[in-house]
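Open your viewer, load the model and keep the selection panel at hand. We will go from stop to stop, and each stop says what to select and what is there.

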Amino acid sequence: MTTTRPVIEVSGLRKSYGGRAVVDGISFAVEEGEIFGILGPNGAGKTTTVECVEGLRIPDAGRVRVTGLDPVADHDAVSRVLGAQLQESELQEKLTVREALELYAAFYPRPADWRPLAERLGLTGKLDARFGKLSGGQKQRLFIALALIGDPRVVVLDELTTGLDPRARRDTWELIEDIRANGVTVLLVTHFMEEAQRLCDRIAVIDQGRIAALDTPRGLIARATSATLISFTPSVPLDEGELAALPAVASVECEDGRVTLGGTDETVNAVITLLARQHITAHQLRVTDATLDDAFLDLTGVAR
Ligand SMILES: Nc1ncnc2c1ncn2[C@@H]1O[C@H](COP(=O)(O)OP(=O)(O)OP(=O)(O)O)[C@@H](O)[C@H]1O
């Protein structure tokens with residue numbers, strides 16, 4: 001039996017600044033062809049972690065491997081298999097799209113042909129435009145093109161869609177799915193739950209330098225304290241104690257005559273039975289499933 005080795009392996013990663021651990025023992029492995037998300041509140045240590053994977057920061061402790069290579073000791077070899085997204089400040093405003101593509105292609109021994117790449121990313125009409133004149137969405141497309149120009153096996157994308165309008169964000173998601181369909185492994189740092197839920201096969205939720213949870217989006221949602229939220233305005237006030245005693249209730253809130261219960265499907269049925277028994281009408285009854293947002297807030301304790 002052949003076992004394939006993970007494309008990215010991180011184990012016991014630690015990094016401190018000024019005596020403060022900002023990455024405090026992180027371990028995960030990304031399999032070939034996965035879109036692996038890293039999610040976490042501001043300052044959680046996400047960028048520090050991915051920059052250790054890219055070889056841009058030197059870990060204090062732990063082991064990082066990209067296709068079996070050490071990103072620091074084997075930096076040149078790693079940069080041939082790993083495509084990293086540039087920061088805006090790294091490209092000169094006056095460079096045209098064509099010049100940027102040609103320049104970055106020249107860094108690699110076997111670059112991808114940039115013309116079909118530009119075509120796929122909708123940049124063909126912008127080849128003579130200067131970087132400084134591109135819209136936010138066009139700049140992001142160019143960053144993706146430059147990350148892919150070395151024909152990498154893995155790309156690291158950090159907050160790729162921040163600042164994009166909803167249309168451009170959705171277009172970018174399609175591009176990322178397209179990249180994966182071409183066999184490239186994607187490590188994606190994002191703040192957008194919808195983006196993580198739609199794109200990622202698995203997500204590591206990082207909080208205060210540690211992994212708070214690592215699972216599929218569906219698996220993370222199932223960990224939310226309340227898998228289902230039930231809200232309604234009863235025709236007569238209800239006894240909070242009676243509601244709290246219903247099966248599988250995780251939370252009860254009554255505000256301005258509106259009741260919100262956190263629970264499960266079992267709670268929904270129990271609420272309906274209780275209301276029917278007491279001949280109470282539930283106005284504007286809403287039943288919603290927990291989202292990745294809810295799971296994230298539960299896992300990281302970040303107040304909305
Ligand atoms: N070079 C550095 N020197 C000192 N402190 C740093 C350095 N780089 C990062 N930090 C600190 O480490 C912590 C983690 O930073 P990091 O950028 O990894 O977080 P993040 O999860 O990517 O945050 P964000 O979502 O805000 O981008 C932050 O408190 C940050 O201020």
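Is A212 buried or exposed? Keep that in mind while we get our bearings; this is a predicted model.

**The whole protein**

Start with the full C-alpha trace, which spans about 75 × 45 × 45 Å along its principal axes. Colour by secondary structure and you should find eleven helices and 13 strands. Of the 304 residues in the protein, 35% are buried. If you draw the contacts between residues at least 6 apart in sequence, 69% of them join residues at least 24 apart.

**Stop 1: A212**

Now for the opening question. Select A212, which sits in strand β9 (residues 210–215). A212 counts as buried because it has 20 C-beta neighbours inside 10 Å, and 20 is the number at which a residue is called buried. Next, show what A212 touches beyond its neighbours within four places in sequence: the contacts are V205, I206, D207, L299 and T300. Before leaving, draw a distance from the C-alpha atom of A212 to that of G40: the two are 172 residues apart along the chain, yet the separation is 9.1 Å.

**Stop 2: the ligand**

G40 leads us on, since it belongs to the shell around the ligand. Select the rest of that shell too: Y17, V22, N42, G43, A44, G45, K46, T47 and T48. Coloured by class, the shell shows three nonpolar, six polar and one charged residues. Which helix gives the most to this shell? Helix α1 (residues 46–53) does, with three residues.

**Stop 3: helix α1**

Stay with α1 and show its side chains. Its buried residues are K46, T48, T49, V50, C52 and V53. That is six of the eight residues of α1, so the helix is largely enclosed by the rest of the structure. Step past the end of the helix to G55, where phi is positive, at about 80 degrees.

**Stop 4: strands β10, β12 and β13**

Move along the chain and select β10 (residues 228–234) together with β12 (residues 258–263). These strands pair in the antiparallel sense, over five bridges. To see one place where they face each other, pick F232, which stands opposite V259 in β12. Then add β13 (residues 282–289): it runs antiparallel to β10, and six bridges join the two. Here the place to pick is T228, which stands opposite D289 in β13. As you turn the view, remember that in a regular strand the side chains alternate between the two faces of the sheet.

**Stop 5: helix α10**

Keep those strands on screen and add helix α10 (residues 265–277). Its 13 residues reach 19 Å from the first C-alpha to the last, close to the 18 Å expected at 1.5 Å a residue. Which residues of α10 are buried? They are T267, A270 and V271. Look down the axis of α10 and these buried residues fall within an arc of 100 degrees, so they line one face of the helix. Two of the strands from the previous stop return here, as β10 and β12 are included in what covers the buried residues of α10. Turn to the face directed away from the buried side and you will meet the exposed residues T273 and A276. Just after α10, select H279, whose phi is positive at about 55 degrees.

**Stop 6: two loop residues with positive phi**

Two residues other than glycine are worth a look in the loops. Select T67, in the loop between β4 (61–66) and α2 (75–81). Although T67 is not a glycine, its phi is positive, at about 45 degrees. T67 is buried, with 20 other C-beta atoms within 10 Å.

Then go to D151, in the loop between α5 (136–148) and β6 (154–158). Phi of D151 is also positive, near 55 degrees. D151 has 18 other C-beta atoms within 10 Å and is therefore partly exposed.

**Last stop: R115**

Finish in helix α4 (residues 114–120), where R115 lies. Is R115 buried or partly exposed? R115 counts as partly exposed, because it has 13 C-beta neighbours inside 10 Å. For a final distance, join the C-alpha atoms of R115 and E102: they are 13 residues apart along the chain and separated by 9.8 Å.

Note on methods. Residues are numbered from 1 along each chain as its sequence is written. This is a predicted model: local features need pLDDT of at least 70, side-chain atom pairs count only at pLDDT 80 or more; totals for chains, interfaces and linings use all residues. A residue is near a molecule or strand if its C-beta atom, placed from the backbone, lies within 6 Å of it. Helices (H or I, at least four residues) and strands (E, at least two) are DSSP runs, numbered from the N terminus. Ala, Val, Leu, Ile, Met, Phe, Trp, Tyr, Cys and Pro count as nonpolar, Asp, Glu, Lys and Arg as charged, and the others, Gly among them, as polar. Two strands pair if DSSP finds at least two bridges between them. A residue is buried if 20 or more other C-beta atoms lie within 10 Å of its own, exposed if 12 or fewer, and partly exposed in between; C-beta atoms are placed from the backbone. The expected span of a helix is 1.5 Å times one less than its number of residues. The arc is that of the directions from the helix axis to the C-beta atoms. Two residues are in contact if their C-beta atoms, placed from the backbone, lie within 7 Å.
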